[in-house]
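Please look over the structure below. The report that follows takes its strands, turns, metal site and pocket in order.

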Amino acid sequence: MIIDAFEFARRAEEASGSLGLDELARIDALNRGERLDWRLVGSTDERNRPFLDLEVKGAVELVCQRCLQPVVVAVDVLARFLVATDDAEADAVPLDEDAFDVVVGNREFDVVQLIEDEVILWLPLVPKHDRCPQPPASQTVAPLRSERSSPFAVLGKMKKDPKS
Ligand SMILES: [Zn+2]
């Protein structure tokens, strides 16, 4: 979705929709069928500066880096952006300003790109379960050597494993 970021803010426009993860190729989702709901609201502040407020909700299924099983991570992005006209203006915004981020806007501003950037920032770099449903794979794999010497010993071990 393309908007004129400045006009969108000035006219206090609103837009919302739902994005399939199949459209967000940079997100390493296991389930491309999931969708994220988003809402974008334009506004100006008392100094007439253009702002965009973005909300993204949903869930993304990632691979847990501890047990390599799917882990569902909830997405609940709430971000406010000052729309700058160029990089120079964006850089001039004080760094200690944490009430909002700064984006360089233009008349053909890609909302999907912004949503994807924000969801990537939201998602953990190393996704993990709080408590993995299964022990790490490295602990459940029987050593190759014992498998060769005695398949029955391995079978016996596998039967016992779920109870431990
Ligand atoms: Zn896990």
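## Strands E2 and E3

Glycine 20 has arginine 35 of E3 as its bridge partner. The model is a predicted one. Strand E2 covers residues 14-20 and runs antiparallel to E3, with 7 bridges joining the two.

Ahead of E2 sits alanine 12, in the loop that follows helix H1 (5-10). Its phi is positive, near 50 degrees, and the residue is not a glycine. Alanine 12 is partly exposed, because its relative accessibility is 47% and that class lies between 20% and 50%.

## The E3–E4 hairpin

E3 also pairs with E4. The two strands run antiparallel and share 8 bridges. Within this pairing, glycine 42 faces leucine 52 of E4. Together E3 and E4 make a hairpin, with 5 residues between the strands.

Asparagine 48 belongs to the loop between strand E3 (35-44) and E4. Its phi is positive, about 65 degrees, although asparagine 48 is not a glycine. Is this turn residue buried or exposed? Asparagine 48 is exposed, because its relative accessibility is 56% and the cut-off is over 50%. Alanine 9 is 39 residues from asparagine 48 along the chain, and their C-alpha atoms are 9.8 Å apart.

## The E4–E5 hairpin and strand E6

E4 pairs with E5 as well. Here 13 bridges join the strands, which run antiparallel. Leucine 54 is opposite alanine 79 of E5. E4 and E5 form a hairpin too, with 6 residues between them. Leucine 68 lies in the turn and has a positive phi of about 65 degrees.

E5 also pairs with strand E6, residues 101-104. This pairing is parallel and has 4 bridges. Alanine 84 is opposite valine 104 of E6.

## The zinc site

Which protein atoms hold the zinc ion as donors? They are SG of Cys64, SG of Cys67, ND1 of His129 and SG of Cys132. These donors lie 2.0 to 2.3 Å from the zinc ion. The site is tetrahedral, with angles of 104 to 121 degrees among its 4 donor atoms. Along the chain, the donor spacing reads C-x2-C-x61-H-x2-C.

The pair of cysteine 64 and histidine 129 links distant parts of the chain, 65 residues apart. Cysteine 64 is in the loop between strand E4 (50-63) and strand E5 (70-84). Histidine 129 is in the loop between helix H3 (111-122) and helix H4 (137-140).

Are these two donors buried or exposed? Cysteine 64 has 0% relative accessibility, so cysteine 64 counts as buried. Histidine 129 has a relative accessible area of 14%, so histidine 129 is buried. The cut-off for buried is under 20%.

## The largest pocket

The largest pocket has a volume of about 260 Å³. Its lining includes Arg26, Ile27 and Asp28. Leu62, Val63 and Gln65 are also among the lining residues. So are Ile120, Leu123, Pro124, Leu125 and Pro127.

How does the lining divide by residue class, and what are the counts? There are 8 nonpolar residues, 1 polar and 2 charged.

Notes: Residues are numbered from 1 along each chain as its sequence is written. This is a predicted model: local features need pLDDT of at least 70, side-chain atom pairs count only at pLDDT 80 or more; totals for chains, interfaces and linings use all residues. Side-chain values use heavy atoms; hydrogens and water are left out. Donors are N, O and S atoms within 2.8 Å of the metal (3.2 Å for Na, K and Ca); water is not among the atoms, so sites may look incomplete. Four donors count as tetrahedral if all angles lie between 85 and 135 degrees; four count as square planar and six as octahedral if opposite donors are over 155 degrees apart and all others between 65 and 115; anything else is irregular. Buried means under 20% relative accessible area, exposed over 50%, partly exposed in between (1.4 Å probe, protein chains only). Two strands pair if DSSP finds at least two bridges between them. On a 1 Å grid over the protein atoms alone, a cavity is a set of points where a 1.4 Å probe fits but cannot get out, and a pocket is an open set with protein on both sides within 12 Å along at least five of seven lines; lining residues have an atom within 4 Å of a point. Grid points are joined across faces, edges and corners, and a volume is the space filled by probe spheres set on the points. Ala, Val, Leu, Ile, Met, Phe, Trp, Tyr, Cys and Pro count as nonpolar, Asp, Glu, Lys and Arg as charged, and the others, Gly among them, as polar.
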